[in-house]
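Student: I would like to walk through this model with you. Could we take it one question at a time?

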Amino acid sequence: MESQPELPQVMEDISPTANNAMQAANNESPLLRIPLEVLLLISSYLTTQEYGNLRRICRHTEISLFKEFSSEFFAKRSFMLTEHSLATLVDISQSRLSSSLIYLIISLKNPSTAYQNLTDIPTAPATPVDVAAAVQHNRLREEIVGHQTLIDSCYDLELLTEALRNLPNLRTVGLRDFDSAGRHRDWSGHWRPYGAQTLWIEAGCDVQSPRSYQSVFVGQSQGANYVSRTFLTLLRALGNTKGPNTPPRLEVILRQCHVPNSAFNIPHRLEPTILPVLKDLKTIFLELGPSSFTEMVTADLQYCPGFLLTMFLSKLTSLERLRLNFRDCVENQTNSLFRWLTQLSKSLNQNAAMNSMLPQIPQVPTFQALEQLDLGMVIIELPILVNLIKRFKSSLRRISLHKVTLHNKTASSSSGRVNFWAKLINQLCKVVPQLAAINFSFLKQINHRSAFHVSFINDSCNPDAKSPTKAWAGMDFRRDSKDIIESMFVAWPGANGAEDSLSSGSESDDDDVDDDEDDDLGDNLDDGHDDNPLDDVDDDMADDTDDDM
């Protein structure tokens, strides 16, 4: 690459005849005769920087590798709310790579989280320092102040809006607080938000995400404020660019925090911008926690712990897939949401109609198109879960339950070892026999105040090899349900075989659920199939040295 500046002078001294001879020789280059499949195989063993160098060898290799390159490095990319990161997103949206971007992730990582106040920033030494240390010292402060100015001025909204206008194939927009795994080319193994690596090299700043917070009062937590603001900024940017190409999927996947209640509060003046986006969403993932619930007294003079959340969910009338994750929520919070989701549309009672000064609980959408329900990380009663599934039985085809713990308060203490999950399967055969797929992972059940793990024997030839996961897909759920039940193993004290789960699972009484009653609702599923190696790199837009994602 260092000899490139001399090439124009050399080429000027070559006669047309010699030039044609050279071109013919180049056409016979062994590199040009390598089949594309072999070239792709070779490139798969290269690091990111080596891969970028290979693409720069000649126009032929660049054209040959572009489709795979853009798919690997630009189909799914992550960006932070910093000017450098968002400006790069705008550049990508205005380049030939714009059509490659399918999944856009906005990372909650930022340079300000580690330093809540400027006084927290490491101070410069009293004695003179070298120029490099001084530059890094200033760079760190510039980034922190610049990030705060960016969000205070709402310039991040302008940049996001400009980028989203020029991404014709964008299908999913996500919000995350962690780095995705799957980067096989480099030692780190993870895709970082664009600009994170540059920030570390130039300013010594390791960007961080907001940590968990328990307070319902958002003003007490800067982290909750930042999550709420980022969530609403994303919705506003989508609303500003609303059109036929607006992404139908919004995936909030968080591991260190959750969406606070203020994020679900849509100001009246922003409703014309945000509500059309919510109305047309086909898929939504939400990460909920204690601060996701705001207790309000409604027109029927009842406390509603999740009032703002129910208002938000009531706008999602076109949903085909709903995933809810509950982290550390208390039972009265989740049960309140469950009761709301499973209720049928009804008119206000007389007291509610008279209390016009109090807010009314919104009507539950019919969710006529809801095909998949993902629930996880929650303790839920068996009747509540069955009634929730029954509420959407007309359209429901797929169910995923992750880290769900079943219990049954109506079970008597003398009922012995009862496999509640087997009872659930038996009841689902009657409620939703049309199921096409069901996924279980890391399940538990509570019997007499003790929790027991539930695993699965997926290999009948090796009953000792138990798995915490079970996936089924087929055309006849009722027929295959027996095999699912027989594969279950409840880790009762002293249990050494599947007989415990089989005998308890044979009970298929339905007295736990009243067919005429729409009671409560269940909860949500975590992520485990979200990390995608199609993430980020920096070749065409910012060279290969900034290998973020």
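Tutor: Gladly! Helices (H or I, at least four residues) and strands (E, at least two) are DSSP runs, numbered from the N terminus. This is a predicted model, where local features need pLDDT of at least 70, side-chain atom pairs count only at pLDDT 80 or more, and totals for chains, interfaces and linings use all residues. Residues are numbered from 1 along each chain as its sequence is written, and side-chain values use heavy atoms, with hydrogens and water left out.

Student: Where is Asp300, and what distance separates the C-alpha atoms of Asp300 and Leu358?

Tutor: Asp300 sits in the loop between β8 and β9 (303-304). Along the chain, Asp300 and Leu358 are 58 residues apart. Their C-alpha atoms are separated by 8.4 Å.

Student: Is Asp300 buried or exposed, or in between?

Tutor: Buried means under 20% relative accessible area, exposed over 50%, and partly exposed in between (1.4 Å probe, protein chains only). Asp300 has a relative accessible area of 27%, so the class is partly exposed.

Student: Which residues form a nonpolar patch on the surface with Val297?

Tutor: Val297 belongs to strand β8 (residues 296-297), and its 33% relative accessibility makes it partly exposed. Patches are made of residues with over 30% relative accessible area and no salt bridge (a side-chain nitrogen of Lys or Arg within 4 Å of a carboxyl oxygen of Asp or Glu); like charges are joined within 9 Å, nonpolar side chains (Val, Leu, Ile, Met, Phe, Trp, Tyr) within 5 Å. Areas come from the Shrake-Rupley method with a 1.4 Å probe, and for residues only the protein chains shown count as cover. With about 330 Å² of accessible area together, the patch joins Val297 to Leu301 and Tyr303.

Student: Why does the length of helix α11 agree with its residue count?

Tutor: The expected span of a helix is 1.5 Å times one less than its number of residues. For the 19 residues of α11 (residues 222-240), that gives 27 Å. The end C-alpha atoms are in agreement with this, being apart by 26 Å.

Student: How many residues of α11 are buried?

Tutor: This helix is mostly covered. Of its 19 residues, the number buried is 14.

Student: Which residue has a backbone oxygen 3.4 Å from a polar atom of the side chain of Thr342?

Tutor: Thr342 is in helix α14 (residues 331-342) and is buried, at 0% relative accessible area. An α-helix has 3.6 residues a turn, so residues three or four places apart point the same way. The backbone oxygen in question belongs to Arg339.

Student: Which residues does His453 touch?

Tutor: His453 is part of strand β15 (residues 450-457). Contact means heavy atoms within 4.5 Å. Not counting residues up to four places away in sequence, His453 touches Leu443, Lys444, Phe489, Val490 and Ala491.

Student: What are the phi values of Phe367 and Phe442?

Tutor: Phe367, in the loop between α15 (350-354) and β11 (372-381), is buried at 3% relative accessible area. Phe442, in the loop between β13 (437-441) and β14 (443-447), is partly exposed at 44%. Neither is a glycine, yet phi is positive: about 50° for Phe367 and about 55° for Phe442.

Student: What percentage of the residues in the protein is buried?

Tutor: The protein has 19 helices and 18 strands. Among its 549 residues, the buried share is 50%.

Terms used:
A polar contact is a pair of N or O atoms within 3.5 Å; within protein, one must be able to donate a hydrogen and the other to accept it, and residues adjacent in sequence count only if both atoms are side-chain atoms.
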